Amino acid sequence: MVDKLRLYISAAYDLRFERDVLARAITEIPTSLGWTITQTPGPDQEANLDAVVQADVHLLVLGSDIQAPVGLEWSTARRAGKRVNLLYKSSARQTQAAQAFVREAARFARWRAFADAYDLRRLTLELLVDHLLTHRERYAISAEEAERLRDWRRAMEATARSKGAVSDLRGGAEQSAVILTTERFTPSQGTLLSS
């Protein structure tokens, strides 16, 4: 049984708002599963290529330009035989380098355009819920939890038709993180705080 889903988000640091939105959105998914979220490091840090190879789900988000080390993360995943689950590209005008990267990556995976952070959030949440439901046994998702996920996804789809907005308040979630739930994890020390 796997208690944590390992998510890798390849996105250049100039997409800090989108990275933050994605990391915060994951906490909305009604699951007892924990998460390890690794994101493309800042310009003064080394890429965590082991996390790329070990990821259960790998997302690549492209803005107006391709920046290091996103290309390295992509090629590392490909060399390791790992599939990048979804490629997202901004509808913003892209540089020639970004256009060339889009063409190259399209040979191996499908790109989906996103209009804004709300759209990116919705697409990602749908992908992650579908992944959890498809791999229920691996993640030990109970029938009750699976039904809760399906209901939540249906409600999210209904809300998407009336398109909401994503808060412009940043929560500092554009960095890598680990999210644990009390249903599957008991702290070995410290005090458990309830909400």
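**Close-up views of helix α5, its salt bridges and a cavity**

The structure, a predicted model, holds 13 salt bridges.

**View 1. A salt bridge joins E28 and R121.** The closest N and O atoms of E28 and R121 are 2.5 Å apart. E28 belongs to the loop between α1 (16-26) and β2 (34-39), while R121 is part of helix α5, so the salt bridge ties together parts that lie 93 residues apart in sequence. The two partners are covered to unlike extents: E28 has a relative accessible area of 36% and is partly exposed, whereas R121, at 16%, is buried.

**View 2. Helix α5 runs over residues 117-134.** With 18 residues at 1.5 Å a residue, α5 should span 26 Å, and this agrees with the 26 Å between its end C-alpha atoms. Of the 18 residues in α5, 16 are buried, so the helix is mostly covered, taking under 20% relative accessible area as buried. At the start of the helix, D116 places a side-chain oxygen within 3.2 Å of the backbone nitrogen of Y118.

**View 3. R122 forms salt bridges with D119 and E126 within α5.** In the pair of R122 and D119, the closest N and O atoms are 2.6 Å apart. These two residues of helix α5 are 3 residues apart, about one turn of the helix. For E126 and R122, the corresponding distance is 3.3 Å; here the separation along α5 is 4 residues, again about one turn. An α-helix has 3.6 residues a turn, so residues three or four places apart point the same way. Both acidic partners are buried: D119 has a relative accessibility of 14%, and E126 one of 12%.

**View 4. A network of salt bridges includes D119, R122 and E126.** D130, R153 and E157 are also linked in this network. Among its pairs are R122 with D119 and E126 with R122.

**View 5. The model contains 1 cavity of 30 Å³ or more.** The space in the largest cavity is about 30 Å³. Its lining is made up of A12, D14 and L15, together with V61, L62, G63, D65, Q67 and V70. By class, 5 of the lining residues are nonpolar, 2 are polar and 2 are charged. The charged residues are D14 and D65, because Asp counts as charged, while G63 and Q67 fall in the polar class.

Notes:
Residues numbered from 1 in each chain as written. Predicted model: local features only at pLDDT ≥ 70, side-chain atom pairs only at ≥ 80, totals over all residues. Heavy atoms only, no water. Expected span 1.5 Å × (residues − 1). Buried < 20%, exposed > 50% of the residue type's maximum accessible area, 1.4 Å probe, protein only. Polar contact = N/O pair within 3.5 Å; in protein donor to acceptor, adjacent residues only side chain to side chain. 1 Å grid on protein atoms, 1.4 Å probe; cavity = no way out; pocket = protein on both sides within 12 Å on 5 of 7 lines; lining within 4 Å. Points joined across faces, edges and corners; volume = space filled by probe spheres on them. Salt bridge = Lys/Arg side-chain N within 4 Å of Asp/Glu carboxyl O.
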